[in-house]
Structures are given as structure tokens and as C-alpha cells.
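User: I should like to go through the side-chain contacts of this model and hear the reasoning behind each label. Please set every value against its cut-off.

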Amino acid sequence: MSKLWQARFFTTVNHLRELPNTTVPEIAFAGRSNAGKSTSINILCNQKGLAFASKTPGRTQHINFFSIGGAHVAMHRKDPTKVEEIQAMLVDLPGYGYAEVSGNTKLYWQRLLGDYVQQREQLAALILIMDSRRPFTDLDIQMLEWFAPTGKPIHCILTKADKLTRSESTTVLRQAQAKLDSYVDEDGEGFPFTVQLFSALKRIGIEEATAKIIELAGLDEDDAAAQAELIDTPEDTSDD
């Protein structure tokens with residue numbers, strides 16, 4: 001069983017001063033509204049309702065933390081999470097897109113997201129969720145460029161790959177890797193950016209994404225080998 005299946009809601013915050021006082025690695029999920037971020041988190045954690053998808057994309061204003069370890073897996077259990085036993089955190093960042101919000105709210109979210117990804121010491125890596133049919137929008141590029149100076153890894157998950165033909169999938173993956181390879185540091189060295197195709201509907205790329213997240217979070221290596229058989233889970237068909 002994957003350790004990601006242990007994910008359990010821990011806390012939600014709306015200001016940096018409210019961030020949990022923990023020291024474990026954090027793996028943050030970011031993405032444009034409608035890219036499939038919540039669906040991806042839920043399928044990777046084998047829990048239909050872990051990450052909440054707003055009915056109005058772009059309205060969720062909070063950063064949600066899910067703990068790995070320190071509690072029973074079942075979401076309905078009321079036993080407290082033992083903070084000292086938490087091994088990692090999955091962090092669901094607000095979806096960006098902002099089609100339905102005011103200018104002031106957009107600026108606040110931008111500042112919150114930018115400050116978190118640039119300043120949070122515990123943040124070990126960023127999982128950037130993009131629709132495989134429309135990757136690297138201006139806001140995706142902005143997120144990349146906010147995070148790149150930290151030198152930490154970014155793993156891009158290109159969702160809804162089931163909507164691409166085999167030829168289109170090959171082209172999209174090659175172009176995405178080329179885009180990521182174009183980012184270099186002051187010494188001309190490339191950043192630790194990787195990319196894969198993913199489909200929650202057709203269960204494409206789940207094992208690959210799980211193994212990568214486990215690696216980035218520094219969880220037990222043998223968990224990466226536990227992905228051979230994933231049990232069927234009712235699909236979360238939301239778009240967030």
C-alpha cells in the first residue's frame with residue numbers, strides 16, 4: 001500500500017502566519033483552476049473526497065495541509081493526529097485562474113502563493129498540475145518562475161492525457177520537457193524539473209506520479225515499489 005494512501009486532513013490556513021509549525025518535508029500541488037488538481041490528489045491518495053473541488057473554480061482561497069503518518073488512514077476516524085509521528089505533508093494550494101474573483105482577491109492570492117513557494121523552508125518540491133491540452137499558460141509560467149530560484153524540484157503532471165492521441169501524447173511530452181529544459185540557473189545548469197502524462201479517468205501515470213512524490217518527500221523507498229496493483233476507487237470527476 002502506498003504511503004500516500006495515509007493522507008489525512010491536517011489543517012487549512014489563509015495567512016502565512018498560520019502555517020503549521022512542523023519541520024517535515026512538504027510537497028505542494030499547484031495548478032490552474034480546471035486543470036484537475038483536486039482529482040489528481042484524490043486519485044493518488046486513493047480517497048475520493050480528500051481534496052475538495054469547489055463548484056466554482058478559482059474560489060478556494062485557502063492552503064490545505066494533509067498529513068502522511070501520525071494517524072489512522074480512515075478519514076472518518078476521530079482519533080487525533082500525532083504530530084510528532086507525521087512523516088510528510090501534502091499541500092493543496094489554491095487553484096489559480098481567478099475568472100470569478102475581484103482584482104484585490106487576485107492580488108492577495110498571488111502574494112500568498114508567491115510567498116509560500118518562495119519562502120517556505122519546509123517545502124521540498126512542487127507538483128505543477130497542467131491540462132495536457134493547454135500546458136504552460138501564463139500563470140503556469142509565473143509559478144515556474146516564482147519557484148525556480150529556490151533550486152528545488154518541480155514535477156509537472158499533465159492531466160487528461162486520455163483526451164490525446166498517442167501521437168499527440170508523444171509530442172506534448174517532448175515539448176513540455178523541452179520547455180522545462182530551457183530553464184537554467186546562473187551557471188547555465190538545468191533545474192531539477194521533470195514531467196509526465198496523467199489521466200485519472202484511464203488511470204494513466206498513477207504509479208509514476210506516486211513513486212516520484214514518495215521520492216521527493218523522502219518517504220520509505222520500498223513504498224515506491226508498492227504501486228503494482230492499485231485498488232479501484234470511484235472516480236472524482238471534478239475539474240479543479
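The exchange below takes up aromatic pairs, salt bridges and cysteines in turn.

Analyst: Please note at the outset that this is a predicted model.

User: Why is the pair of Tyr 183 and Phe 193 called edge-to-face?

Analyst: The ring centres of Tyr 183 and Phe 193 lie 6.2 Å apart, with the planes at 65 degrees. Centres within 6.5 Å make a pair, and planes over 60 degrees apart count as edge-to-face. Both conditions are met, so the label applies.

User: What makes this pair a tie between separate parts of the chain?

Analyst: Tyr 183 belongs to the loop between α4 (166-181) and β7 (193-197), whereas Phe 193 is in strand β7, so the contact links parts that are 10 residues apart in sequence.

User: Why is the pair of Phe 191 and Phe 193 called stacked?

Analyst: Their planes are at 15 degrees and their centres 5.3 Å apart. Since stacking requires planes under 30 degrees apart, the pair qualifies because its angle falls below that limit. Tyr 183, Phe 191 and Phe 193 together form one aromatic cluster.

User: How do you know whether Phe 191 is buried or exposed?

Analyst: The relative accessible area of Phe 191 is 18%. Buried means under 20%, so Phe 191 counts as buried. Phe 193, with 5%, is buried as well.

User: What makes Asp 79 and Arg 8 a salt bridge?

Analyst: The N to O distance between their side chains is 3.5 Å. The limit is 4 Å, so the pair is accepted. Asp 79 lies in the loop between β3 (63-68) and β4 (88-92) and Arg 8 in strand β1 (residues 8-13), so this bridge connects parts 71 residues apart in sequence.

User: Why do Asp 79 and Arg 8 carry the labels they have for exposure?

Analyst: Asp 79 has a relative accessible area of 21% and is therefore partly exposed. Arg 8 has 6% and is therefore buried. The boundary for buried is under 20%.

User: What salt bridges does Asp 131 make?

Analyst: Asp 131 meets Arg 133 at 2.8 Å, N to O, and Lys 160 at 3.9 Å. Each distance is within 4 Å, so each contact counts as a salt bridge. Asp 131 is in strand β5 (residues 123-131) and Lys 160 in the loop between β6 (154-159) and α4, so the latter bridge joins parts 29 residues apart in sequence. Shared partners connect Asp 131, Arg 133, Arg 134 and Lys 160 into one network.

User: How many disulfides are there?

Analyst: The count is zero, because no pair of cysteine sulfur atoms meets the 2.5 Å limit. Cys 45 is buried at 2%, and Cys 156 is buried at 0%.

Definitions and conventions
Residues numbered from 1 in each chain as written. Predicted model: local features only at pLDDT ≥ 70, side-chain atom pairs only at ≥ 80, totals over all residues. Heavy atoms only, no water. Buried < 20%, exposed > 50% of the residue type's maximum accessible area, 1.4 Å probe, protein only. Phe/Tyr/Trp six-rings, centres within 6.5 Å; stacked < 30°, edge-to-face > 60°. Helix = DSSP H or I, 4+ residues; strand = E, 2+ residues; numbered from the N terminus.
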